[in-house]
Amino acid sequence: MELLLKNDLPHQVKAYNAIANVFSEELIQKNALYYQNPTLVLDRHTLLTYIAQVQKENKVPTENKAQNEIGSYLNLDVKMETGTGKTYVYTAAMYELHKRYGINKFIVVVPTLAIKAGAKQFMQDGYTQRHFKDQCGYGTELDVLVLEAAKKKNKGKNYFPSVVREFVAGSSQNTNKIYVLLTNMALLGGNSKMLTDNYDYGVEGFYKPIKGINATKPFVIIDEPHRFSKKQKAYQFVEKEIQPQAIVRLGATFPEEEVGKGKNKVKRRDYKNLLYDLNAFEAFNQDLVKGIAKEHFEPISQKQDKVKIMSIAGKSEAKFNLIQKDAPVKSFTLSKGDSLGIISAELEGIVIDAITNSTVELSNGQIKSTGEEFSTDIYSSSYQESMLRLALERHFEVERINFARNNKIKTLALFFIDDIHSYRTNEQQEKTPYLKAAFERLLIEKINALLPELSAQEQEYKEYLLATKADVDASHAGYFSQDNSSSDEAIAQEVQEILYEKKKLLSIKNGKSIFNTRRFLFSKWTLKEGWDNPNVFTIAKLRSSGSDNSKIQEVGRGLRLPVDEFGNRISNEQFKLNYIIDFTEADFAEKLVNEINADLPKGFVITDEDISRVADQRKIDADDLFLELLTKKYIDRNKNIKAENRNQFFQEYPEFTKGLKQGKVEDRNKKPERKIKIRKAVYDELKTLWAAINSKYILYYERIEEENYLFDELLSLFRKGVFSDVYMNSRRSELNTKGDIATLNEDTGVQYKINRPIHYAEFLKRINKQTNLSIQFVHGVIVEYAKDNRVTDEMFNEQSVSNLKRLFQDWKIEKLNGRFSYSKANLPMKGTPLSYANGSPKAEITQGIIGTKFIEGQPTENYLYDVYAFDSPLEKENLLAGGIQEIVVYGKIPKNSVAIPTTTGQSYSPDFMYVVKKGNGDKILNIIVETKDVENQKTLRGIEEAKISCAKQFFNQLTIDGYKVEFKTQLNGEKIKQVIDEVMTLN
């Protein structure tokens, strides 16, 4: 498979453009030496003006806008939440800065080896290089030079570091190459090999590597800035030794600094010219990351106590820890014959029968290993086994759904453990480590339970599970820091695949069409920042971190949106990351929500609707709640949340959670996940209708009889202005500090032309691909156009292709309305979200493609699902109106499941399907309803109107082909009863 990157994701485009837009040609002076970057003119007034403009455009919160004086270098910050593509952004920023200003020497500094490995893999991978060179049109490539730790010096000559040599010697005259020196913080310090000058050979007269690097006038990019405080040695090394022209920091978290003195001393984030703020609630709300479903295993005893074997001394005694929620850990040292009742009353009667080098044998038959945890409930299996079982349950729920898709999604699970030897065999162990053995046993147990449930349509998934069962060891792998020094080839292969072969790990089959079942990964916490895989859907934390680290950082390994088996990023659905933890972190979801709320801009306003909603939940009067909040000084009279009391406010009134969409962070222990089941009896009533509306039809444009009509129409589009030069425009503002507050005065910016043509043959191919017009036909139109208009090679560019696509799309919607028809394609029925290829119903459906909100209570018997789920208020009204006498059965159509081709080039899928009959039971009708939360038809945009027009034509063709279907558009204010009555009257 090949991972397919997108170059038009708005949140990423805004981020890298924010960096590039701070600069301008007037601030860039041509380099004097070929190995140098152009010189950045540190003009305070101009730079602060551009920074203010970028902050204004990106709506950076006021409290984060503070600008820093421009000192010996320029510092810029970009905040992007974990999982939103930070590595892509700083890579794109390098391309953009090179394209605009010729900057070609960058140093990327990361905190850890794991992050360095991830950054190296991304920047060097062929799909990344092709994406930026071809799809994005930069036409350049990155030369990624990785600085490694010094190896043992052999006798003989002392060679200058080759990557530094190549970086320094890289010439600006090679306009198709960008030089990137990638290093981790451990290589930047007092003992750095870059500070020595005892090399036999140098580069450009420099014998000390740092002097050569310094002379290139580099731009430095710092990843994960919270790991680089101002006082940290690596940061000081960058400032004092590398002496860059600019430092650009990108991360989800930034270091804190103390400001003020005495009682007025407070901590705040150390932002330096923050240009873009994609914080947590924006990332969740814009569906840029998965939602989170936290869950922990509740002990049967509900006492939430567990025991852990800490160590064993000489086969004579073992040290135990009693771990209790909200209580200090207690330690006990017991010997053979001692009762576990000493630790907890619930364990009374259980005696230690024997102690070996690594295990404790108990009188109830259980054998516990060093590092293992177990509940104080004597009838439960080990606590960790319970967590493993729960994680596997959640994994297979998701995997079964993902495997049933037309384009499958490889589903991964990640397990964090605290003892490497509970998973990896060492020389002292004579048998399989207990955690590995337990996992494999539970995995086979789960597969055996799942196989009989699979239907005939799930044959391929059955084969996948049987392949897993046949070679269980191949289905899981681990990565631990100790593995880096291991000589075991099998371990080396596991590490290689986890760290460096993301595409292989994401593949369901290998190149020989054999199932690749590796999807369960184990680590001791090594896979933190810098490692990610978009298809991690379950994380089981079989160890308690006991820290106050960022909760978003903890789940960050699984936040990215998934990709399918062909490498396509899927962003039009709701996905959840299952996060399994132990009971000591039961409040994880609350802490995560508080962390997200802490990122809210100060002065955030709550509304009257918010107050009424929370008052209803608390069963008090809304006015009383408003006075309560005002009295406690949580809000002011204008309902602004007071910044100084914001954290306490959200802790006491979590119902006011702002910025976070419903269901984005879910606590399954408090609100079990609902599974939406498809009611077979109701589906049987809708089966024929469902098959009909899922029939594959092809859209045909009518033959245009008028001679040269299409030729003349296309020629008129070219004359409207298809060909255009590409210009870049700057927006200039001057900082006005006169008066009480600083303001911006808009001024005339600069404009310059971009000359980036494409070959004429390629130009014609792209138009053909975008419009389906033949190459010969388009060529003829251009020849005719050229008779009266000047045409140059520069006019054949990406912008011209885009212009024609847009004009032709508008023309089709306007001129071809009514001049098309549908014809049924002779294609076999495929599976749908509701049914298998043979038409039989599936047992359940993914909640996200039905609706994100739920209605409490049992749906009426004639509804398709066992739960009411909806997206808009109008849909909710329709669901609750399902008891109308005329309705036989009805159901919400899964999103994007009915793919009706339209003249807009996009497919169309309506919202509801009904089977209804008259009061006397004479006539049954099929009705398809499109709900629109707008007041009238005029409010609908042109594209939406065109789609609805096509839908009417499509369902009319279904009726002609022998299956009568009525299609109706329901606007806001119309009741579904009105729609049904209208159809009944006409029939």
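In this predicted model, the largest cavity encloses about 870 Å³ of space. The lining of this cavity is made up of 47 residues, of which Gly85, Phe122, Lys502, Asp532 and Arg560 are the closest to its centre. Two or more lining residues are contributed by each of the elements α1 (10-20), α3, α4, α13 (489-500) and α14 (502-505), and the largest share, 7 residues, is that of α4. When the lining is divided by class, 22 of its residues are nonpolar, 14 are polar and 11 are charged. In the structure as a whole, 3 cavities of 30 Å³ or more are found.

A search for aromatic pairs across the whole structure returned 45 of them. One of these pairs is formed by Tyr88 and Phe122, whose arrangement is edge-to-face, with a distance of 6.5 Å from centre to centre and an angle of 65° between the planes. This pair links distant parts of the chain, as Tyr88 belongs to helix α3 (residues 86-101) and Phe122 to helix α4 (residues 113-124), with their positions 34 residues apart in the numbering. Both Tyr88 and Phe122 are buried, and Phe122 is also among the residues closest to the centre of the largest cavity.

A further pair is that of Tyr863 and Tyr865, whose ring centres are 5.5 Å apart and whose planes meet at 75°, so that this pair too is edge-to-face; the angle lies over the 60 degrees required for that description. Tyr863 and Tyr865 are both buried. Beyond such individual pairs, one aromatic cluster is formed by Phe396, Phe415, Tyr423, Phe439, Phe520 and Phe522.

Aromatic rings are also approached by a charged side chain, that of Lys105. The charged end of Lys105 sits over the ring of Phe167, at 5.5 Å from the centre of that ring, and Lys105 likewise lies over the face of Tyr179, where the distance to the ring centre is 5.7 Å.

With regard to cysteine, the structure holds 0 disulfides. Cys136 has a relative accessible area of 16%, and because this value falls under the 20% limit, the residue is classed as buried. Cys950 is likewise buried, since its relative accessible area is 1%.

Methods. Residues numbered from 1 in each chain as written. Predicted model: local features only at pLDDT ≥ 70, side-chain atom pairs only at ≥ 80, totals over all residues. Heavy atoms only, no water. Phe/Tyr/Trp six-rings, centres within 6.5 Å; stacked < 30°, edge-to-face > 60°. Helix = DSSP H or I, 4+ residues; strand = E, 2+ residues; numbered from the N terminus. Buried < 20%, exposed > 50% of the residue type's maximum accessible area, 1.4 Å probe, protein only. Lys NZ or Arg CZ within 6 Å of the ring centre and 35° of its normal. Disulfide = S-S within 2.5 Å. 1 Å grid on protein atoms, 1.4 Å probe; cavity = no way out; pocket = protein on both sides within 12 Å on 5 of 7 lines; lining within 4 Å. Points joined across faces, edges and corners; volume = space filled by probe spheres on them. Nonpolar A, V, L, I, M, F, W, Y, C, P; charged D, E, K, R; others polar.
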